[in-house]
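Student: Could you put the next structure up so we can go through it together?

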Amino acid sequence: AEPDNALGKSVFGKTCAMCHAAGVAGAPKPGDKADWGPRIAQGNDTLYKHALEGYTGAKGMMPPRGGGTTLKDEEVKAAVDYMTALSR
Ligand code: HEB
């Protein structure tokens, strides 16, 4: 399905930007193709899983749902799609 960019942009601004906008604590910045390239290459299923469940990578710790515990799966996925679309 087409990503809902309005939804993704809104969720990103409220919950993800606090780390991802400035690259706080190793969070990949939207538009940083060098950082996002290998991440995007993992495929959407892995990106969604990491965003939903959280994980610790080489650069730092991604919290489950970015700490937005009440976010629906489709809201988190839309925010992932928003970031990756800016980073291809
Ligand atoms: Fe994050 C990473 C999403 C929020 C921190 N993240 C990441 C990724 C994604 C995301 C997709 C990639 C994955 C891979 O590579 O596999 N986030 C996201 C979202 C949100 C967020 C969607 C909202 C909901 N983050 C966030 C926050 C923070 C973060 C809030 C802080 C606290 N992240 C992060 C980091 C990282 C990430 C640090 C990196 C890790 C490594 O090492 O890799």
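Tutor: What follows is a short round of questions and answers on this model.

It is a predicted model, where local features need pLDDT of at least 70, side-chain atom pairs count only at pLDDT 80 or more, and totals for chains, interfaces and linings use all residues. Residues are numbered from 1 along each chain as its sequence is written, and side-chain values use heavy atoms, with hydrogens and water left out.

Student: Which residues are the protein donors of the iron atom of the ligand?

Tutor: Donors here are N, O and S atoms within 2.8 Å of the metal (3.2 Å for Na, K and Ca), and since water is not among the atoms, sites may look incomplete. The protein atoms in question lie 2.0 to 2.1 Å from the iron, and they are NE2 of His 20 and SD of Met 62.

Student: Why does that pair tie together parts 42 residues apart in sequence?

Tutor: Helices (H or I, at least four residues) and strands (E, at least two) are DSSP runs, numbered from the N terminus. The pair links those parts because His 20 sits in helix 1 (residues 5–20), while Met 62 is in strand 2 (residues 61–62).

Student: What geometry does the site of the iron atom have?

Tutor: Six donors count as octahedral if opposite donors are over 155 degrees apart and all others between 65 and 115. The angles among the 6 donor atoms run from 87 to 180°, so by that definition the site is octahedral.

Student: Is His 20 buried or exposed?

Tutor: Buried means under 20% relative accessible area, exposed over 50%, partly exposed in between (1.4 Å probe, protein chains only). Counting contact as heavy atoms within 4.5 Å, His 20 touches residues including Trp 36, Met 62 and Met 83, leaving out those up to four places away in sequence. With a relative accessible area of 9%, His 20 is buried.

Student: At roughly what angle do the axes of helix 1 and helix 4 cross?

Tutor: Axes are lines fitted to C-alpha atoms, for helices over the stretch in contact, with angles from 0 to 180 degrees between N-to-C directions. Helix 4 spans residues 73–85, and its axis comes within 7 Å of that of helix 1, the crossing being roughly 80°.

Student: What separates the C-alpha atoms of Ala 51 and Val 80?

Tutor: Ala 51 belongs to helix 3 (residues 44–53) and counts as buried at 8% relative accessibility. Val 80 is among its contacts beyond four places in sequence. The two are 29 residues apart along the chain, and their C-alpha atoms are separated by 7.5 Å.

Key: Four donors count as tetrahedral if all angles lie between 85 and 135 degrees; four count as square planar and six as octahedral if opposite donors are over 155 degrees apart and all others between 65 and 115; anything else is irregular.
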